[in-house]
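Trainee: I should like to study a protein model with you, step by step. May we begin once it is in view?

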Amino acid sequence: MKRFPKVMGVVLTAAMLLAGCGGAKKEAAPPAGNTTTPAPTTQAKAWAPEKPVTMIVPYSAGGSTDVLARVVEKVWSKYVNQPLTVVNKPGASGWEGRDSVAKAKADGYTMFMGYGSGEDLIAPQLRTATFDPIKDFTPISLLSAHSVLFVVPAESPYKSMQELMAAAKTKPINAALSGVGNLMDISVRALAKAAGAEITGVPFAGGGPATTAMVGNQVDIGPGHPSELMPHVKGGRLRILATATPERDPSLPDVPTLKELGINFTNPGSLKGVAMPKGTPAEIVKFYEDTFKKISEDPDFKKGMADAFQPVIYKNSAEFGTLIKSTFDNYTQMIKDLNITVK
Amino acid sequence: MESLQGLIDGFGIALGANNLLFAFLGALLGTAIGVLPGLGPAGTISLLLPVVYQMGSSTTTVIFLAGIYYGSMYGGSTTSILLNLPGEAASVITTLDGYQMAQKGRAGAALSIAAIGSFIAGTIGVIGLTFIAPPLAEFALDFGPPEYFSLTLVGLVLAVFLSGSSVSKGLLTLALGMILASVGLDPITGKLRFTFASVGLQSGFDFTTLAMGIFGLGEIFYNLEQTDAMGTVTAKIGRLFPTASDWVQSRWAILRGSVMGFVVGVLPGGGGVLGSLASYAVEQKLSKHPEEFGKGAIAGVAGPESANNAASTASFIPLLTLGIPSNSSIAMIFAALLIQGVTPGPFLIVEHPEVFWGVTASMYIGNVMLLILNLPLVGLWVQLLKVPFNILGPVVVLLTVIGVYSTSNDIFQVFVLIFFGVIGYLMRKFRFEPGPLPMAFVLAPMIENSVRQSLLMSRGSLNIFIDRPISATLLGVFAIMVLTQVFKAIRSRKR
């Protein structure tokens, strides 16, 4: 019974803030039935979760986003007193999980990993989605970004991106894609357009089969994330020609950016951030952005991420929100410029 | 004989108390989830991942997870035989003759032969993994879209053999399977097909849900009509172990199934189903009594069950030698390794010989454990048939619903399950053999995607299928199979 008042306080705070965000912003109006209790003193005691927190991974277990969530889970207990439950909701290529978070209560107990991955920013601009990728979520923090690398099979005659692009003007060049209308598809189209070449994208059923096609020398080139490609680069079966990031990747100092090669296309990669439902109270956002900051500096977390070939890139809620918005707008522009439709 | 030395070192690791314990736990858990309808190895491994990521040793982790995976292949046949409830794609074939055997009071023999076949196939698979893994993996990499197209074409012809007595009903079922498979996001153009604006249908139907609905629930719904099945014993039990003549009929089927399953299982593009399908078709062709297939032929259980176990072992080859996960369970083992700082791939065997050889050796041990675990359990499982239907039916429905929900965390999928249960019921009601449906469901997207990918690669030229030697050979096999069927038909008409 001792915990009861505290729980009540949190519930009421959340309810008040929810009510505040829901419709007309009447900050002063307390929820009905709250006349006798004094207003909870939120400043006195910072918010902290009082029951297990759910992190939804909108992809299947074992994928790179899942791995990131599991590395977080590994160190979570050092910083938060309540356990973290990772739930995989893979349906509808990542939409199912996002949709469930968009419709969840903004009470600080439901979040999802993988905000900014790409299909959540690109696909809703191509097809009608049940959630709004910007308005339905509160960005919490960025933890990582998976850049887009361009690789060729080890047997490939092309030693550099320029050689390949020159060849693409006279010969048919195929690229293995992890899907259609996603970050990889857009990246290959943008690369071809910027280099004035023609590349045919061959979509496969996900990153795994696309990588297999690259490793098996079935295609001329492929875009992919480091976590998928690096095991094969290390194994001598793939060669990296360039990265689409604006700056060189610190972990791959020898890999040139497309920009350096005179190809005018940059992309921040697949952003791997945490988001909560829209209208999540500021103190809850504060709690989690601080928690993720600590997690991003944890040595075990850093090691786990390095082992999984994922960089640690922390951004707080505000910075992450700005990045998401600019990336979203950038995709809007690209979809227009490249004339991409699926209808 | 580097492999032998490696294997000896591997046994040194696998026989350590901790690793032995986890191999056993994995095998035990795998058997259990294989038996429970709905909970597949992929779902179980994903539930266990948080625990597993905390385990210190990467060797022990993989020994444990691998045990769950191949253990579930042993257990998977149990519900296929007893309840007509296939747990995964590869054991759909087992239901055809296995369930018939159970109906005739030969469940014990079917379960025993499945366990023995699985043991032999598993062991043959591990021997293959020990000695010829790297060259086989290289061969698998030569399979691009054109090769998959030609291979799947062969598979589809084999699926027609499953259609039972009525060819027209068989073709209708096949067509239904293909239509169901096309629901969802078209992977080549990104367009939505037959989703009717439902987000739940956007990723299409899940195979396990479909198979459990059409086979398991369909059977239960159908039984509800048979008033005499209420509260009575569903089947006689009969003797538990195979007779000498059973063994004679099964031994070559087991060996052929093992080899076929192993070879096709190495392919990252879903070899397991093709292996068991090919095995079934071959046994039917070679059998002196092909008419018994579909009515309880023991070779029709022994062959495919061996094939799917050999394939499950073979699927570790692309993982351990190339770093390519070939299915969702293996993908999770891949992630578990990555998170512990071990990169699966060509260097694994050099950089982490203890993982490669420890796991390989543990598979020999695990297979023996599974045989010892499963044979005595046969007696226990067949007792399930004594459970009155009015208890067993609802329990199975409940377990299936829980299983489906626990893997997707989505209530919509439960409705999908029930929907397929109704389709399965109607199919039984109107005497449609359900066998070809799941096969078409698995093979149709493979054919569709691979042919479109191939034509994208060749800018529309069909030559891509005959210019590539493996694809051309497979198309030759396809042509021979079709022509022999046509000649047979002509000859029988002349008579």
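The following exchange moves from one chain to its domains, then to the interface and to single residue pairs.

Trainee: How should the model be regarded, and how many helices and strands does chain A have?

Mentor: This is a predicted model. Its chain A holds 343 residues, and buried residues make up 58% of them. The secondary structure of chain A amounts to 11 helices and 10 strands.

Trainee: Among contacts in chain A between residues at least 6 apart in sequence, what percentage joins residues at least 24 apart?

Mentor: Contacts here means heavy atoms within 4.5 Å. Once pairs less than 6 apart in sequence are set aside, the share in chain A that joins residues at least 24 apart is 79%.

Trainee: Which stretches of chain A form domain 1 and domain 2?

Mentor: The domain assignment of chain A builds domain 1 from two stretches, 47–146 and 270–337. The stretch 149–243 is given to domain 2. The centres of the two domains, taken over C-alpha atoms, are separated by 28 Å. To repeat the bounds, domain 1 is 47–146 + 270–337 and domain 2 is 149–243.

Trainee: Which helix gives the most residues to the side of domain 1 of chain A that touches domain 2 of chain A?

Mentor: Between domain 1 and domain 2 of chain A, about 1000 Å² is buried, with 74% from carbon and sulfur atoms. The count of salt bridges between these domains is 0, while 2 residue pairs are in polar contact. With 4 residues, the helix that gives the most to the domain 1 side is α11 (residues 317–337) of chain A.

Trainee: How many residues of chain A are in contact with chain B, and which element of chain A supplies the largest share of that side?

Mentor: The contact brings together 41 residues of chain A and 47 residues of chain B. Across this interface 10 residue pairs are in polar contact. Several elements of chain A supply at least two residues each, among them α2 (64–76), β2 (84–88) and α8 (226–234). The largest share, 6 residues, comes from α2(A).

Trainee: How much area do chain A and chain B bury between them?

Mentor: In chain A, the residues that lose the most area to chain B are A:Lys74, A:Gln218 and A:Arg237, together 15% of what that side buries. Carbon and sulfur atoms carry 58% of the area buried between the two chains. The total is about 3800 Å².

Trainee: Which residues form the salt bridge between chain A and chain B?

Mentor: Side chains of opposite charge can pair when their charged atoms come close. The interface of chain A and chain B has 1 salt bridge. Its N to O distance is 2.4 Å, and the side chains that meet are those of B:Glu138 and A:Arg237.

Trainee: How many residues apart are A:Lys78 and A:Asp300, which meet in a salt bridge?

Mentor: The N to O distance in this pair is 2.9 Å. A:Lys78 counts as partly exposed because its relative accessibility is 47%, which lies between 20% and 50%. A:Asp300, also at 47%, counts as partly exposed. A:Lys78 lies in the loop between α2 and β2 of chain A and A:Asp300 in helix α10 (residues 299–307), so that the pair links parts of the chain whose separation is 222 residues.

Trainee: Is B:Glu147, the salt-bridge partner of B:Arg468, buried or exposed?

Mentor: The closest N and O atoms of B:Arg468 and B:Glu147 are 2.8 Å apart. Because B:Arg468 lies in the loop between α20 (464–467) and α21 (469–494) of chain B and B:Glu147 in helix α7 (residues 145–160), the pair ties together parts 321 residues apart in sequence. The relative accessible area of B:Glu147 is 3%, which is under 20%, so B:Glu147 is buried.

Trainee: Which residues are joined with B:Asp186 into one network of salt bridges?

Mentor: The side chain of B:Asp186 meets that of B:Arg193 in a salt bridge, at 4.0 Å from N to O. B:Asp186 counts as buried because its relative accessibility is 4%. Salt bridges that share partners join B:Asp186 into one network with B:Arg193, B:Glu448 and B:Arg452.

Trainee: Which residues of chain A does B:Gln453 touch?

Mentor: B:Gln453 is placed in helix α19 (residues 436–457) of chain B. B:Gln453 counts as buried because its relative accessibility is 8%. Within chain B it touches B:Pro145 and B:Ile188, and in chain A it touches A:Val202, A:Pro203 and A:Phe204.

Definitions and conventions: Residues numbered from 1 in each chain as written. Chains lettered and ligands numbered in written order. Predicted model: local features only at pLDDT ≥ 70, side-chain atom pairs only at ≥ 80, totals over all residues. Heavy atoms only, no water. Domains from an automatic or database assignment. Buried area = accessible area lost by both parts, 1.4 Å probe. Polar contact = N/O pair within 3.5 Å; in protein donor to acceptor, adjacent residues only side chain to side chain. Buried < 20%, exposed > 50% of the residue type's maximum accessible area, 1.4 Å probe, protein only. Lists of a residue's contacts leave out its neighbours within four places in sequence.
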